[in-house]
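Biologist: I am new to this structure and would like to learn how to read it. Could you take me through some of its features?

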Amino acid sequence: MDTKLFDHTILKADATKEAVKKICDEAKEYGFMSVCVNSFYTAYVAEQLKGTGVKTCTVVGFPLGQMSTRAKAAETAIAVEDGAEEIDMVINVGALKDKLYDVVLTDIKEVKKVCGNAMLKVIIETCLLTDEEKIKACELAKEAEADYVKTSTGFSVAGARTEDVALMRKTVGNEMGVKASGGIRDRETAMAMVNAGASRLGTSATVAICR
């Protein structure tokens, strides 16, 4: 598999500096697209990956998405300042379910505004949504000019499903990327996600899949 499909991910609460360095070293060895971390490690990862071609990816509003838009924008601005080249933000799922579409749209737009040159991926948490809500979330992300829509945080009740990836791809067309994440632990699952329309995969099992 093309190693550039992968965001090599470490997001657990007990992630140590040593563990993060191991992920960075593996990403450099295999040539993954990015290393995805919580914002505390952004500057450290950016330094570890400097000049390697592997990008620094930081999650924002993670994993629940129900913090204020100002908080998400501030977190994004700090992450970019610390060296993040990609931002994976979580939408306000409750607001989407309440049909407060202006709130969700503004949430994404305000984060996009402070991204600068950093790529923005919008996590819609598919396992909590109906198909209608998944479509609406993708449409809002597209309207806000995000670069990607992403299935899951990996911290909710379920992760990525091929049906959701296919629906997301159908909704956004070829103008946006689709990232599948959550529960991708083997090559067979990874390939199924790509065949369904994923252009990026987020997983902590990246090395095992590529081997």
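Modeller: We will go through a few helices, loops and single residues in turn. This is a predicted model, in which local features need pLDDT of at least 70 and side-chain atom pairs count only at pLDDT 80 or more, while totals for chains, interfaces and linings use all residues. Residues are numbered from 1 along each chain as its sequence is written, and side-chain values use heavy atoms, with hydrogens and water left out.

Biologist: Where does Ser152 lie?

Modeller: Names such as H7 and S6 come from DSSP runs, numbered from the N terminus: helices are H or I runs of at least four residues, and strands are E runs of at least two. Ser152 sits in the loop between strand S6 (148-150) and helix H7 (162-172).

Biologist: Is Ser152 buried or exposed?

Modeller: Buried means under 20% relative accessible area, exposed means over 50%, and partly exposed is in between (1.4 Å probe, protein chains only). Ser152 has 0% relative accessibility, so it counts as buried.

Biologist: Which residues is Ser152 in contact with, leaving aside its neighbours within four places in sequence?

Modeller: Contact means heavy atoms within 4.5 Å. With those neighbours left aside, Ser152 is in contact with Ile123, Glu125, Thr126, Ala158, Gly159, Ala160 and Ser181. There is also a polar contact, meaning a pair of N or O atoms within 3.5 Å; within protein, one must be able to donate a hydrogen and the other to accept it, and residues adjacent in sequence count only if both atoms are side-chain atoms. The side chains of Ser152 and Thr151 make one at 3.0 Å.

Biologist: What about Lys150 in strand S6?

Modeller: Lys150 has a relative accessible area of 4%, so it is buried. Leaving aside neighbours within four places in sequence, its contacts include Asp88, Glu125, Met168 and Ser181.

Biologist: How do helices H6 and H7 pack?

Modeller: Axes are lines fitted to C-alpha atoms, for helices over the stretch in contact, and angles run from 0 to 180 degrees between N-to-C directions. Helix H6 (residues 131-143) packs with H7 at an angle of about 45 degrees, and their axes are 9 Å apart. Angles under 35 degrees count as roughly parallel, over 145 as roughly antiparallel, 65 to 115 as roughly perpendicular and the rest as oblique. H6 and H7 are therefore oblique to each other.

Biologist: Which residues of H6 and H7 meet?

Modeller: Asp131, Lys134, Ile135, Cys138, Glu139 and Lys142 in H6 meet Asp164, Leu167, Met168, Thr171 and Val172 in H7. The residues of this contact divide into five nonpolar, one polar and five charged. Here Ala, Val, Leu, Ile, Met, Phe, Trp, Tyr, Cys and Pro count as nonpolar, Asp, Glu, Lys and Arg as charged, and the others, Gly among them, as polar.

Biologist: What do the buried residues of H7 pack against?

Modeller: The buried residues of H7 are Asp164, Val165, Leu167, Met168, Arg169 and Val172. They pack against H6, S6, strand S7 (177-181) and helix H8 (187-196). H7 is followed by Gly173, whose phi is positive, near 70 degrees.

Biologist: How should I read a positive phi or a cis peptide bond?

Modeller: Most residues other than glycine have a negative phi, and most peptide bonds are trans. Glu125 is not a glycine, yet its phi is positive at about 55 degrees. Glu125 belongs to the loop between strand S5 (119-123) and H6, and its relative accessible area of 3% makes it buried. Glu145 also has a positive phi, near 65 degrees. Glu145 is in the loop between H6 and S6 and, at 56% relative accessibility, counts as exposed.

Biologist: Which residues does the cis peptide bond join?

Modeller: That bond joins Phe62 and Pro63, with omega about 0 degrees. Pro63 has its place in the loop between strand S3 (55-60) and helix H3 (69-81).

Biologist: What does the side chain of Ser68 reach?

Modeller: Ser68 is found in the loop between S3 and H3. The side chain of Ser68 reaches the backbone nitrogen of Ala71 at 3.0 Å. With a relative accessible area of 39%, Ser68 is partly exposed.
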